[in-house]
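Colleague: Hi! Could you bring up that model so we can walk through it together?
Modeller: Sure, here it comes.

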Amino acid sequence: GAIVDHHYHTQHTNITMQGKDNEIIPQLENKFRHLTKILYDTDVAPKTLTREVMPYLNKDVFFKDPWQQGGGIDRYTLGMKGFHSMFYFKFDIEQLHVQLNQKGPGGVREGRVLIDGIMHLRQLSWLFTYPLRTILVYKFRLLPGKPSGDCPPFEIYFHEEMWSFGDMIQNIPLVKLPYDMFRSMFASGFLAASRASLWFQNKRRGSEWQ
């Protein structure tokens with residue numbers, strides 16, 4: 001009887017949690033869509049960054065991209081505002097996904113946000129716009145307390161920015177054609193090497209490699 005009761009309680013708890021997740025995940029998606037637009041559309045004023053982004057940052061928030069990494073809210077804030085003052089970017093979100101994990105130590109629930117998008121550098125927009133495929137990852141913790149507005153309280157403790165170096169090279173003016181030619185030739189060479197390797201393995205190991 002105790003085992004059955006425990007199983008029922010666990011199943012009921014999981015169903016209840018799943019129902020709550022179905023309710024708050026869309027709210028988190030909307031919030032992170034809004035935060036990303038503010039962070040990466042650089043025509044946003046610094047006071048808007050302070051008001052809209054700072055309340056969601058952990059004091060030890062860690063940021064990394066292919067060129068830099070570091071932790072601490074002061075460094076993050078300085079870099080955030082410096083990015084807006086030095087560059088002119090727009091960000092188009094192609095896909096956004098929020099995943100909530102089960103409760104960890106201390107009953108704290110954490111989550112992960114994955115965003116696939118295009119970061120458009122418009123520094124020389126009168127001449128050209130430089131598009132860069134970008135993947136963003138946020139990691140966050142849900143916090144106790146009542147929802148603030150239309151979203152449960154949370155704090156971001158990790159923010160990673162990843163770029164496609166293939167897109168970075170390809171989108172440099174006058175580089176696209178030779179780079180595409182190089183990729184086609186490299187693909188042909190790789191396939192030729194694959195055929196030779198398979199032929200060698202077939203001779204050596206027999207039919208399982210065919």
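What follows is a chat about the sheet, a helix packed on it, one residue and the core.

Colleague: Quick check before we start: what kind of model is this?
Modeller: This is a predicted model.

Colleague: Okay, the sheet, then. What is the strand order?
Modeller: The sheet is open and has 6 strands, in the order β2-β1-β6-β5-β4-β3. The pairing is mixed.

Colleague: And which strands stand at the edges?
Modeller: Those are β2 (69-71) and β3 (89-103). Each has a single partner strand, so one side of each has no neighbour in the sheet. On average, neighbouring strands are turned by 15° against each other, ignoring direction.

Colleague: How many bridges join β3 to β4?
Modeller: There are 12, and β3 runs antiparallel to β4, which covers residues 109-121. To pick one pair, V98 has V113 in β4 as its bridge partner.

Colleague: Which strands does α3 touch?
Modeller: Helix α3, residues 73-86, packs on the sheet and touches β1 (57-64), β2, β3, β4 and β6 (154-163). The direction of α3 makes about 60° with that of β1.

Colleague: What span should α3 have, and how far apart are its end C-alpha atoms?
Modeller: With 14 residues at 1.5 Å a residue, α3 should span 20 Å. The end C-alpha atoms of α3 are 20 Å apart, so that agrees.

Colleague: Nice. Which residues of α3 are buried?
Modeller: I73, Y76, T77, M80, G82 and H84.

Colleague: Changing topic: is N58 buried or exposed?
Modeller: N58, which lies in strand β1, counts as buried because its relative accessibility is 12%, and the cut-off for buried is under 20%.

Colleague: What does the side chain of N58 make a polar contact with?
Modeller: With the side chain of E155, at 3.1 Å. Not counting residues up to four places away in sequence, N58 touches I73, R141, E155, I156 and Y157. I73 is also one of the buried residues of α3.

Colleague: Last topic, the largest nonpolar core. How many residues does it have?
Modeller: It has 37, and the ones with the most contacts inside it are F32, Y138, F140, F154 and I156. At least two core residues come from each of α1 (2-40), β1, α3, β3, β4, β5 (130-142) and β6.

Colleague: Which element gives the largest share?
Modeller: α1, with 8 residues.

Colleague: And what is F32 in contact with?
Modeller: Leaving aside neighbours within four places in sequence, F32 contacts L96, V113, I115, Y138, F140, F154 and I156. V113 is the bridge partner of V98 that came up earlier.

Methods: Residues numbered from 1 in each chain as written. Predicted model: local features only at pLDDT ≥ 70, side-chain atom pairs only at ≥ 80, totals over all residues. Heavy atoms only, no water. Pairing = 2+ DSSP bridges. Helix = DSSP H or I, 4+ residues; strand = E, 2+ residues; numbered from the N terminus. Axes fitted to C-alpha atoms, helices over the stretch in contact; angles between N-to-C directions. Contact = heavy atoms within 4.5 Å. Expected span 1.5 Å × (residues − 1). Buried < 20%, exposed > 50% of the residue type's maximum accessible area, 1.4 Å probe, protein only. Polar contact = N/O pair within 3.5 Å; in protein donor to acceptor, adjacent residues only side chain to side chain. Core = buried A, V, L, I, M, F, W, Y, C linked by side-chain atoms within 4.5 Å.
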